[in-house]
Amino acid sequence: MSPTRREALAQLAALVALPLPLRALRFSTAGALEGTIAEYQAGRVRGQWSAAQVTAEALERCHAEGMRWRAIDQFATNLIAIAQDSDDRLRKGRLFGSFDGVPVFAKSIYDMNGFPTTGSSAEWAVAYPERITRDALEVARMRAAGAIVLGKTAADDFAFHGNGTSSRTGQVLNPYDRTKTRTPGGSSAGSAVAVAGGMAFAALGTDDGGSNRIPAQFTGVVGMKPTFGLVARTGVIPTWPYLDTHGPLARTVADAAQLLAVIAGVDPNDPLTLSEGRDPRSLETLPALRDDALGGVRLGIVEAHVPRTQMTTEAVAVWDRAVEDLRGAGATVEPFAAAVTRVDYRDAFAAAAKARGDVEGDPKSPVPTANALFRYFSGRSNDPRAVMKRGYAAYQKFYDVLPSMYDACLTLVEKPMADDPAGRSFAKSREMVVRALADSMRAANVVAMVYPTMPFNAPRAVDPWPDIRTPLGYGNWLGLPEVSVPAGLGADGMPALNLSIVGLPGDDARVLSLAHAYERKSRRFVPPPRGN
């Protein structure tokens with residue numbers, strides 16, 4: 001039986017209950033920004049560095065590598081003073097928690113108080129030059145935990161594509177690629193590049209079809225798509241409300257878990273998020289993730305998600321090595337006949353609706369997106385219809401299920417997204433399909449599924465991608481928590497593959513624990529070469 005959403009939050013809180021030994025976390029001793037949040041905070045306590053010093057170094061990297069890689073949308077201001085405030089709290093023994101003083105980024109589609117929200121769109125940068133007077137909820141939660149939000153990262157326009165191409169700031173570059181032609185993936189391209197390049201410890205991203213997991217693989221970092229609804233999306237330019245899932249990107253699973261713990265929770269302004277309140281226990285302490293979490297567990301390989309005959313010899317070898325790493329960490333890893341896979345999940349949703357005598361479910365129905373866009377502007381303006389109109393045409397070019405003319409959209413905007421018949425049917429079908437998957441996992445005694453995040457590495461940004469089906473959309477439709485972890489570099493020095501560990505809705509704490517144990521066994525993260 002899958003945990004309830006309240007239980008999922010409680011399990012996530014349990015992850016952050018005890019400190020992880022620093023020796024178990026160490027990836028590098030080169031400097032604060034090359035390490036983990038735990039190492040950074042320990043160095044501050046020892047007086048090895050201050051938040052102000054590390055923030056200054058992060059900004060120096062951002063202005064050098066970050067701008068060269070076109071990873072940055074906007075920089076925040078007054079950051080050194082904010083970092084000094086954190087240092088003052090440390091001296092007084094009054095830190096807000098272990099996220100206090102940690103440099104992080106948000107994605108360009110997030111509102112940040114005092115800055116325009118461009119959505120990485122050149123047209124929106126012109127249409128909306130005004131400074132926003134609110135923070136997106138996730139940004140507000142990071143600030144409340146003491147984080148130093150360095151600014152916003154570049155993405156595909158309105159987070160729509162997966163290539164990292166912004167009409168405002170250009171093509172985000174992959175820091176591993178000396179030719180400057182390979183894509184970093186997207187849409188959360190800048191966030192992935194920022195953490196890969198040691199410009200921040202973690203960054204916010206969004207995922208409604210792979211937008212966190214694609215750049216995680218292509219830039220060799222950890223990317224997570226949490227359970228659908230675990231993170232409220234208020235104050236962020238909407239995409240597809242029944243698919244859109246916000247989560248962390250980081251260099252380590254522990255740091256990703258730390259950020260997720262800060263941002264997870266309910267918000268009444270997002271009607272599709274959790275119905276239960278935030279767990280009263282603090283979520284802002286260091287994750288207690290065990291190196292031996294894989295011992296004795298059974299993991300299922302979904303063969304339909306491992307297209308060996310279409311993968312390169314190198315990709316197959318890296319995948320096979322990842323499976324052996326899992327086994328070496330104590331897991332039993334065997335083929336698993338999931339009740340629903342990427343091959344038939346859409347058919348399963350349609351069959352579920354038909355069995356109920358319901359309308360066909362549609363996660364991209366126009367009404368939820370129109371209502372979400374209206375809700376977004378209602379939160380940042382006293383005249384949301386007039387303000388929404390200014391950028392509607394640019395947004396509609398991407399989200400073209402909406403009426404082409406703004407006036408026609410006005411008939412949709414105030415219809416509640418949770419009451420849309422196609423959306424409601426989709427949600428009901430999701431419950432039925434997930435129940436079937438859970439039954440098959442329970443029957444096989446499988447606690448999580450494993451497969452390559454993507455069966456190929458980063459192509460050139462200007463080239464078509466290989467014609468190989470991936471399980472990315474499968475995870476979004478079913479609302480499954482998934483952690484994508486680096487599995488190593490290829491002979492060309494590019495990240496070759498990431499391993500995805502995937503659980504049932506509410507199993508976020510479990511998949512983080514399993515992913516951490518794999519990471520500690522494999523140790524496959526390699527930072528990009530400086531100076532690319």
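**View 1. Helix α10 in a predicted model, mostly covered along its run.** In this predicted model, helix α10 spans residues 253–263, and 11 of its 11 residues are buried. The run opens with Val-253, Ala-254, Asp-255, Ala-256 and Ala-257, buried residues of α10. Gln-258, Leu-259, Leu-260, Ala-261, Val-262 and Ile-263 are buried residues of α10 too. The list therefore includes Asp-255 and Gln-258, and each falls under the 20% cut-off for relative accessible area. Just after α10 comes Gly-265, with a positive phi of about 145°.

**View 2. The open sheet of 11 strands.** Pairing in this sheet is mixed. The strand order reads β1-β3-β2-β6-β8-β7-β12-β13-β11-β9-β10. Which strands stand at the edges? They are β1 (72–75) and β10 (332–335). Each has a single partner strand, so one side of each is left without a neighbour in the sheet. From one strand to the next, the twist averages 25°. Strands of a sheet pair through backbone hydrogen bonds, in either the parallel or the antiparallel sense.

**View 3. Strand β2 and its two parallel partners.** Strand β2 covers residues 103–107, and five of its five residues are buried. Side chains in a regular strand alternate between the two faces of the sheet. In β2, Pro-103, Phe-105 and Lys-107 point one way. Val-104 and Ala-106 point the other way. All of them are buried, Lys-107 included. β2 pairs with strand β3 (residues 148–153) in the parallel sense, over four bridges. Here Pro-103 stands opposite Ile-148 of β3. β2 also pairs in the parallel sense with strand β6 (residues 202–207), over two bridges. The bridge partner of Phe-105 in β6 is Ala-203.

**View 4. Strand β8 between β6 and β7.** Strand β8 (residues 245–250) is mostly covered, with six of its six residues buried. Its pairing with β6 is antiparallel and runs over six bridges. Ala-203 stands opposite Leu-249 in β8. Strand β7 (residues 222–225) also pairs with β8 in the antiparallel sense, over two bridges. Leu-249 appears again here, as the bridge partner of Gly-223.

**View 5. The parallel pair β9 and β11.** Strand β9 takes in residues 298–301, and strand β11 takes in residues 448–452. The two pair in the parallel sense over three bridges. Gly-300 stands opposite Met-449 of β11. In the strand order, β9 sits between β11 and β10.

**View 6. The second largest pocket.** Its volume is about 720 Å³. The lining of the second largest pocket counts 29 residues. Closest to the centre are Gly-209, Ile-214, Thr-470, Leu-472 and Gly-473. Which helix gives the largest share of the lining? Helix α17 does, with four residues. Both α12 (345–356) and α17 (472–478) supply at least two residues of this lining. By residue class, the lining divides into 14 nonpolar, nine polar and six charged.

**View 7. Backbone exceptions in three loop residues.** Most residues other than glycine have a negative phi, and most peptide bonds are trans. A cis peptide bond joins Gly-186 and Ser-187, with omega at about 10°. Ser-187 belongs to the loop between β5 (170–171) and α8 (189–196). Lys-180 is found in the loop between β5 and α8. Its phi is near 60°, a positive value in a residue other than glycine. Ser-120 also has a positive phi, near 60°. The loop that holds Ser-120 lies between β2 and α6 (122–127). Are Ser-120 and Lys-180 buried or partly exposed? Ser-120 counts as buried because its relative accessibility is 0%. Lys-180 is partly exposed, with a relative accessible area of 41%.

**View 8. Two buried cysteines and no disulfide.** Cys-62 counts as buried because its relative accessibility is 0%. Cys-409 is buried as well, with a relative accessible area of 0%. How many disulfides does the model contain? The count comes to zero. A disulfide needs a pair of cysteine sulfur atoms within 2.5 Å, so no pair meets that cut-off.

**View 9. Pro-528, after α18.** Pro-528 lies in the segment after α18 (508–522). Its relative accessibility is 7%, so Pro-528 counts as buried. Pro-528 and Asp-208 are 320 residues apart along the chain. Their C-alpha atoms are separated by 27 Å.

Conventions
Residues numbered from 1 in each chain as written. Predicted model: local features only at pLDDT ≥ 70, side-chain atom pairs only at ≥ 80, totals over all residues. Heavy atoms only, no water. Buried < 20%, exposed > 50% of the residue type's maximum accessible area, 1.4 Å probe, protein only. 1 Å grid on protein atoms, 1.4 Å probe; cavity = no way out; pocket = protein on both sides within 12 Å on 5 of 7 lines; lining within 4 Å. Points joined across faces, edges and corners; volume = space filled by probe spheres on them. Nonpolar A, V, L, I, M, F, W, Y, C, P; charged D, E, K, R; others polar. Pairing = 2+ DSSP bridges. Axes fitted to C-alpha atoms, helices over the stretch in contact; angles between N-to-C directions.
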